[in-house]
Amino acid sequence: MASFNRVILMGNLTRDPELRSLPNSDTQVCDFALAVNRKWRDANGNEQEEVLFIDCAAFGRTGQTIGENLTKGRPIHIEGRLKFEQWEQDDGQRRSKIRMVVEQFRFVDAKPGSSKSGNGRPTQRNSTPAKRNGTSRNTRPPRSTVVQGELVGSGSDIPI
């Protein structure tokens with residue numbers, strides 16, 4: 001049987017990331033927690049909200065970048081896999097949890113204090129429109145018109 005372990009999340013950091021090096025290694029690991037919200041309306045029309053808190057770990061350059069650039073409350077988009085961890089406490093009690101191992105991430109907003117907005121463009125822009133005099137470098141031909149036709153395989157020919 002085939003398996004697939006892939007997770008995509010976007011949420012806000014619940015605490016400042018903790019950046020450290022693995023023992024006996026130069027590999028850096030960044031531990032952080034993510035809050036992911038879900039909002040919906042119940043059958044009575046009342047707005048409901050559910051919050052999940054997910055522990056995450058990012059290794060190497062990915063972890064170093066997250067640890068150096070993000071702080072509590074900042075949003076982040078992460079992709080990775082789930083990992084099941086088990087351990088025994090000092091009192092003999094067995095514990096376990098599922099953690100997300102981050103393999104890729106994207107900054108969702110601009111770094112506080114920078115001159116960029118959340119979409120990656122500068123916040124102060126020149127409002128003067130560009131002049132178009134027919135000698136522009138854009139030599140792309142105009143868009144072609146849409147030709148309407150019959151959808152091949154439509155109707156009762158499609159087995160569903």
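A nonpolar core is a set of buried Ala, Val, Leu, Ile, Met, Phe, Trp, Tyr and Cys residues that are joined through side-chain atoms within 4.5 Å. The exercises below apply this term and related ones to a predicted model.

**Exercise 1.** Find which members of the largest nonpolar core touch the most other members, and work out which strands supply the core.

*Solution.* The largest nonpolar core has 16 residues, and those touching the most other members are L9, F32, L34, C56, I66 and I78. Turning to the strands, β1 (7-13), β3, β4, β5 and β6 each contribute at least two residues to this core. The largest share comes from β3, which gives four residues.

**Exercise 2.** Determine which residues of helix α1 are buried, how they are placed around the axis, and what they pack against.

*Solution.* Within α1, which spans residues 60-69, the buried residues are T62, G63, T65 and I66. Because they cover an arc of only 165° around the axis, they lie on the same side of α1. The buried residues of this helix pack against β2 (18-21), β3 (28-41), β4 (47-59), β5 (75-88) and β6 (94-107). As a single case, I66 is in contact with P17, C30, F32, A58, I76, V102 and F105, when its neighbours within four places in sequence are left aside.

**Exercise 3.** Decide whether H77 is buried or exposed, and list what H77 touches.

*Solution.* H77 is located in strand β5. Its relative accessibility is 17%, and therefore H77 counts as buried, since the cut-off for buried is under 20%. Not counting residues up to four places away in sequence, H77 touches I8, L9, M10, Q104, F105, R106 and V108.

Note on methods: Residues numbered from 1 in each chain as written. Predicted model: local features only at pLDDT ≥ 70, side-chain atom pairs only at ≥ 80, totals over all residues. Heavy atoms only, no water. Buried < 20%, exposed > 50% of the residue type's maximum accessible area, 1.4 Å probe, protein only. Arc of directions from axis to C-beta. Contact = heavy atoms within 4.5 Å.
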